[in-house]
There are 2 protein chains.
Amino acid sequence: MTERLYRDIGEQIKADLAQQELAPGCKLPTERAYAERFGTSRTVVREAFIMLEIEGWIEVRQGSGIYLRQRPGSPVSPQRVPDEDIGPFELLQARQVLESSIAACAAQTVTKQDIQQMQEMLDLEDTMMASVEVSEDADRRFHLLIARSTQNSLLLEMCTQLWDRRDRSPMWQTLHKRIMDLSYRANWLEDHRAILNQLRKRDAQGARQAMWQHLENVKTTLFALSDTDDPNFDGYLFSNLRAQ
Amino acid sequence: MTERLYRDIGEQIKADLAQQELAPGCKLPTERAYAERFGTSRTVVREAFIMLEIEGWIEVRQGSGIYLRQRPGSPVSPQRVPDEDIGPFELLQARQVLESSIAACAAQTVTKQDIQQMQEMLDLEDTMMASVEVSEDADRRFHLLIARSTQNSLLLEMCTQLWDRRDRSPMWQTLHKRIMDLSYRANWLEDHRAILNQLRKRDAQGARQAMWQHLENVKTTLFALSDTDDPNFDGYLFSNLRAQ
DNA sequence: TTCTATTTATTGGTATGCCAATTTGATGCT
DNA sequence: AGCATCAAATTGGCATACCAATAAATAGAA
């Protein structure tokens with residue numbers, strides 16, 4: 001695996017900023033200064049700053065300089081957690097917490113069109129259960145449709161992030177096949193139907209509980225599958241918050 | 001405002017990929033190909049790809065090529081919402097949904113050490129209420145400590161993201177000063193005390209409701225302040241999900 | 001003195017060129 | 001035929017050089 005140099009430099013800059021406890025809005029050293037300091041070309045430093053910019057730490061102004069957008073390294077706020085460090089269990093727990101509340105919220109904002117689209121996804125899940133590809137995609141879309149129906153773009157974005165994380169998770173690939181081979185999808189389809197029914201009734205508490213139970217069932221399934229030959233499986237499954 | 005070229009190119013590449021509906025893992029055109037196509041140097045294309053890499057869309061392998069990491073542009077999943085497009089109300093609603101559930105979850109996982117640190121933050125808020133800087137920082141830390149006490153790094157990360165969004169929000173700067181000048185902080189400190197009390201009791205429902213009520217109060221305060229001379233204020237306050 | 005216009009320096013933006021890792025496929029041996 | 005080896009092409013990694021926007025300094029007019 002190629003360790004991209006700009007990432008190293010970017011992390012070093014972040015560490016450096018965290019150490020100094022600079023105030024938001026203050027000006028940072030120039031690209032040239034960092035280049036000389038790290039003994040690299042300005043190109044790499046520039047790339048590192050692009051990383052920090054995308055991550056939201058800094059703001060770059062041509063001809064002026066680079067400025068801090070917020071306090072770096074607040075003791076409780078971590079940088080982005082690497083995909084490899086997140087286990088399926090931790091991910092599902094986060095989804096359970098977030099999506100159950102989203103379901104409750106959605107019950108109060110969902111429109112007829114939303115309901116209709118969700119129903120179409122369920123029909124798709126039903127008829128195309130044989131196709132892993134299609135039914136899995138329908139699963140994802142069903143959940144995201146619920147998030148979208150809250151009419152809150154941030155809730156949809158967060159929910160999307162968690163699903164993207166799952167797809168990127170190395171361990172998911174393994175679990176994915178095991179789960180798909182088995183017939184759990186029928187159970188989950190029933191869960192989905194229950195959720196949609198609560199949304200139809202505009203029952204916030206019912207929707208919350210239905211979503212919670214659904215993800216609880218997924219967790220249970222996952223747990224049952226943890227009897228595996230992969231020695232790292234258990235530790236991975238339960239990997240949780242690391243020390244700050 | 002400087003529109004950074006690499007952002008334009010990056011967005012164009014993303015749009016291009018979404019259009020083609022490529023499968024995950026497939027190989028993308030080379031940097032040189034995109035450079036020629038857009039009529040720019042390879043440098044900007046490379047910077048654009050760094051953006052996509054940070055955002056998690058692609059994986060870059062030296063000497064080999066650039067590969068897709070996941071499905072781009074699923075109909076319901078948007079790209080990241082720009083900070084400028086998010087109003088304080090939408091942000092607070094997202095926090096209310098997320099943080100109230102986090103509080104409920106935290107009530108079951110919080111440790112004595114967590115409780116102690118939260119108490120310290122409240123004491124800081126109390127004694128340093130005169131200092132806007134300090135009390136605001138304590139506010140932030142208090143909320144993030146709750147998220148951290150769930151022992152779930154994703155929940156902490158999402159919560160942190162929302163607070164970072166607030167800090168970056170252009171409208172927040174305006175509201176921020178108005179709120180700080182007034183004496184709402186005392187009320188919010190009471191809210192925080194109520195939340196901590198529920199956490200002490202390990203009462204999940206109580207914690208959920210206390211957090212919900214707290215952010216409801218913040219929303220109310222914000223709404224009261226919306227009587228302003230800024231013509232864009234109202235629209236901004238309620239800007240919500242845009243059409244997909 | 002003060003304000004303004006202009007020059008100069010600073011700083012990020014972009015392009016070009018060469019280097020290193022990887023892949024590909026041709027070559028020759030078994 | 002099959003496989004190992006090596007050379008050439010491909011492709012991203014990095015550095016240098018010059019361009020453009022901004023800010024700072026300075027000279028001149030009111």
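Where in chain A is R202(A) found? I will come back to that in a few minutes. What we have here is a predicted model, and I will go from one chain to the pair, then to the DNA, and end with some single residues.

Start with chain A. Chain A has 11 helices and 2 strands. Along the sequence, the order of elements is α-α-α-β-β-α-α-α-α-α-α-α-α. The chain has 244 residues, and 36% of them are buried. If we take the contacts in chain A with a separation of 6 or more, 71% join residues that are 24 or more positions apart.

Next, the pair of protein chains. How is chain B superposed on chain A? A rotation of 180° does it, with 0.2 Å of shift along the axis and an RMSD of 0.3 Å. The two copies are therefore related as by a two-fold rotation axis. Both copies use the same surface, since 100% of the contact residues of chain B recur in chain A.

Now the contact between the two chains. On one side are 47 residues of chain B, and on the other are 48 residues of chain A. On the chain B side, the elements that give two or more residues are α3, α4 (88-109), α6 (132-148) and α7 (153-168). Which of these gives the most? That is α7(B), with 11 residues. By class, the chain B side has 22 nonpolar, 13 polar and 12 charged residues.

On to the DNA, strand C to begin with. There are 23 residues around DNA strand C, and the closest come from both chains: T30(A) and Q62(A), along with L5(B), S41(B) and G63(B). Several elements give two or more residues to this surface. From chain A they are α2 (31-38), α3 (42-54) and β2 (65-68), and from chain B they are α1 (5-20) and α3 (42-54). The most comes from α3(B), which gives 3 residues. What is the surface near DNA strand C made of, by class? The count is 5 nonpolar, 13 polar and 5 charged residues.

DNA strand D is next. Here too 23 residues are around the strand, and those that come nearest are L5(A), S41(A), G63(A), T30(B) and Q62(B). Chain A gives two or more residues from each of α1 (5-20) and α3, while chain B does so from α2 (31-38), α3 and β2 (65-68). The most comes from α3(A), with 3 residues. The classes near DNA strand D are 5 nonpolar, 13 polar and 5 charged.

Two of the helices named so far also pack on each other within chain B. In general, a packed pair of helices is described by the angle between the axes and the distance between them. For α2(B) and α3(B), the angle is about 115° and the axes are 8 Å apart. The crossing of α2(B) past α3(B) is right-handed. Which residues meet there? From α2(B) they are E31(B), R32(B), Y34(B), A35(B) and F38(B), and from α3(B) they are R42(B), V45(B), R46(B) and F49(B). That contact has 5 nonpolar and 4 charged residues, and no polar ones.

Just before α2(B) in this account comes a loop residue, L28(B). L28(B) sits in the loop between α1 and α2 of chain B. Is L28(B) buried or exposed? It is buried, because 21 other C-beta atoms lie within 10 Å, and the cut-off for buried is 20 or more. Apart from neighbours within four places in sequence, L28(B) is in contact with I58(B), G65(B), I66(B), Y67(B) and L68(B). Of these, I58(B) is 30 residues away along the chain, with 9.2 Å between the two C-alpha atoms.

Last, two residues of chain A with an unusual backbone angle to report. Q151(A) is not a glycine, yet its phi is positive, about 65°. Q151(A) lies in the loop between α6 (132-148) and α7 (153-168) of chain A. With 18 other C-beta atoms within 10 Å, Q151(A) is partly exposed.That brings me back to R202(A), which is in the loop between α9 (184-200) and α10 (204-224) of chain A. R202(A) is not a glycine either, and has a positive phi of about 60°. R202(A) counts as partly exposed, with 13 C-beta neighbours inside 10 Å.

Notes: Residues are numbered from 1 along each chain as its sequence is written. Chains are lettered from A and ligands numbered from 1 in the order in which they are written. This is a predicted model: local features need pLDDT of at least 70, side-chain atom pairs count only at pLDDT 80 or more; totals for chains, interfaces and linings use all residues. Copies are superposed by least squares on the C-alpha atoms of residues with pLDDT of at least 70 in both. Two residues are in contact if their C-beta atoms, placed from the backbone, lie within 7 Å. A residue is near a molecule or strand if its C-beta atom, placed from the backbone, lies within 6 Å of it. Helices (H or I, at least four residues) and strands (E, at least two) are DSSP runs, numbered from the N terminus. Ala, Val, Leu, Ile, Met, Phe, Trp, Tyr, Cys and Pro count as nonpolar, Asp, Glu, Lys and Arg as charged, and the others, Gly among them, as polar. Axes are lines fitted to C-alpha atoms, for helices over the stretch in contact, and angles run from 0 to 180 degrees between N-to-C directions. A crossing is left-handed if the near helix is turned anticlockwise from the far one by less than a right angle, and right-handed if clockwise. A residue is buried if 20 or more other C-beta atoms lie within 10 Å of its own, exposed if 12 or fewer, and partly exposed in between; C-beta atoms are placed from the backbone.
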